[in-house]
Amino acid sequence: MARGGRPGYPARVRRAPYTRTDADAFREANLPLRRTILGAVAGVNLALAPIYFWADLRVLALDARPEGVVYAVMVVHGWVVLTSLAALAYLLVHRRWPDGAAIHRAAVLASVVNFVWVGAALAVINQRDTGSYVIFAMAGAIIVVLAYERPRHLVWTYLLGGAAILTASEAWGTDPAHQVSVRLNVPLTVGLVTVGYLTYDRFRVQAFLKSRELLHWSAFKDTLFQALGHDLKDPLVDVRRAVRLLEAERDAGRLGPDVAALPEQLEVANDRAFQVIDNLMAVGAPGAPELPGGAHGGGNGGGAGGA
């Protein structure tokens, strides 16, 4: 298979109508958005942290769950707070001292992997009593919508999280009904998240490439029309100078009656040519919504299509 883009990687993404370089360009273009999402998730977690710990202490006081399970959940919640603080600190440092794109990509990827594994850790802990894996499923749904990482990174991360939940269910589960539910639903959840992320990621990359192509051709059109307009105006200026000389010759009586009307005719034709060129340049002008003068082929001979 032909190779291109980064050394050691195939030029074309498997079964996708774009190359790995195209996909990397999409992720690079969305790096500011990924940073914003990272900051938003960290901020939400810190805002909800008091509720997390209040709920943990409430469950502990009511003796609603085994004490070891509650303490394990509190440890995970403490880890969420620490990683959220670290993410916000990194973003603040990044604003003050911008680092390389590679470091930033690694930081964002680490935060996404951490997000998935927090959900997996809570689901694993839940296998000791309730057998619930809802948080893990919710984490999968969120990453499908909000994550922009390479598919293989998230697919393997989520797959390993699902394997950890299945292992915990088999090791600690005491309710056969819960174990059967986990055996059926965790692989189904992992499969749906994998298919969903691969499909949505491919759709977003293709939409990005189509938008980039449209921008490229729009810029090419602007440049072409502006260049053509300037190049075509130069000889018309010379024609206008010649018309002025003919008018001077006519006024001096040195033109015969059969060509006396020629300067006016040339002037009208020259004005129409200038109008056509002005319309052409208006098409190429950035932000110009339509041609001045309007319709195709209309009016004073300078008609051109709308922008």
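## Helix 2: length and bend

What span should the 32 residues of helix 2 have at 1.5 Å a residue, and how far apart are its end C-alpha atoms? In this predicted model, helix 2 covers residues 31-62 and should span 46 Å. Its end C-alpha atoms lie 45 Å apart, which agrees with that expectation.

Helix 2 nevertheless contains a bend of about 45°, located at Leu48. A proline, Pro50, follows within four residues of Leu48.

## Overall architecture

The secondary structure of the protein chain consists of eight helices and zero strands. Read from the N terminus, the order of elements is therefore α-α-α-α-α-α-α-α.

Of the 307 residues in the protein chain, 31% are buried. Among contacts with a separation of 6 or more, 66% join residues 24 or more positions apart in the sequence. The protein chain exposes about 17,900 Å², and carbon and sulfur atoms supply 67% of that area.

## The buried residues of helix 2

Which residues of helix 2 are buried? They are Leu31, Arg34, Ile37, Leu38, Gly39, Ala42, Asn45, Ala49 and Asp56. The list includes the charged residues Arg34 and Asp56. An α-helix has 3.6 residues a turn, so residues three or four places apart point the same way.

Against which helices do the buried residues of helix 2 pack? Their partners are helix 1 (20-29), helix 3 (67-96), helix 4 (101-126) and helix 5 (134-146).

Arg58 also lies in helix 2. With a relative accessibility of 47%, Arg58 counts as partly exposed, because the partly exposed class ends at 50%. Arg58 and Val70 are twelve residues apart in sequence, and their C-alpha atoms are 10.0 Å apart in space.

## The loop after helix 2

Asp63 is found in the loop between helix 2 and helix 3, and its position is just after helix 2. What is notable about the phi of Asp63? Its value is near 55°, which is positive in a residue other than glycine.

Is the side of the chain at Asp63 buried or exposed? Asp63 has a relative accessibility of 61% and therefore counts as exposed, the cut-off for that class being over 50%.

## The largest pocket

The largest pocket has a volume of about 1,000 Å³. Its lining is made up of 41 residues, and those nearest its centre are Val41, Asn45, Val80, Phe115 and Val118. One of these, Asn45, is also among the buried residues of helix 2.

Which helices each supply at least two residues of this lining? Helix 2, helix 3, helix 4 and helix 5 do so. Helix 4 gives the most, with eleven residues. Helix 3, helix 4 and helix 5 are also among the helices against which the buried residues of helix 2 pack.

## Individual positions in other helices

Leu82 is found in helix 3. Leu82 is exposed, because its relative accessible area of 55% is over the 50% cut-off. Leu82 and Ala42 are separated by 40 residues in sequence, while their C-alpha atoms are 9.8 Å apart in space. Ala42 itself is one of the buried residues of helix 2.

Ser169 is found in helix 6 (residues 151-172). Its relative accessibility is 2%, so Ser169 counts as buried, a class that requires a value under 20%. Which residues does Ser169 contact, leaving aside its neighbours within four places in sequence? Ser169 is in contact with Gln127, Gln179 and Val182.

Asp278 lies in helix 8 (residues 262-284). A relative accessible area of 33% makes Asp278 partly exposed. Asp278 and Gln226 are 52 residues apart in sequence and 9.6 Å apart in space, taken from C-alpha to C-alpha.

Definitions and conventions: Residues numbered from 1 in each chain as written. Predicted model: local features only at pLDDT ≥ 70, side-chain atom pairs only at ≥ 80, totals over all residues. Heavy atoms only, no water. Expected span 1.5 Å × (residues − 1). Bend = angle between axes of the 7 residues up to and from the residue. Buried < 20%, exposed > 50% of the residue type's maximum accessible area, 1.4 Å probe, protein only. Contact = heavy atoms within 4.5 Å. Areas by Shrake-Rupley, 256 points an atom, 1.4 Å probe, with all protein chains shown as cover. 1 Å grid on protein atoms, 1.4 Å probe; cavity = no way out; pocket = protein on both sides within 12 Å on 5 of 7 lines; lining within 4 Å. Points joined across faces, edges and corners; volume = space filled by probe spheres on them.
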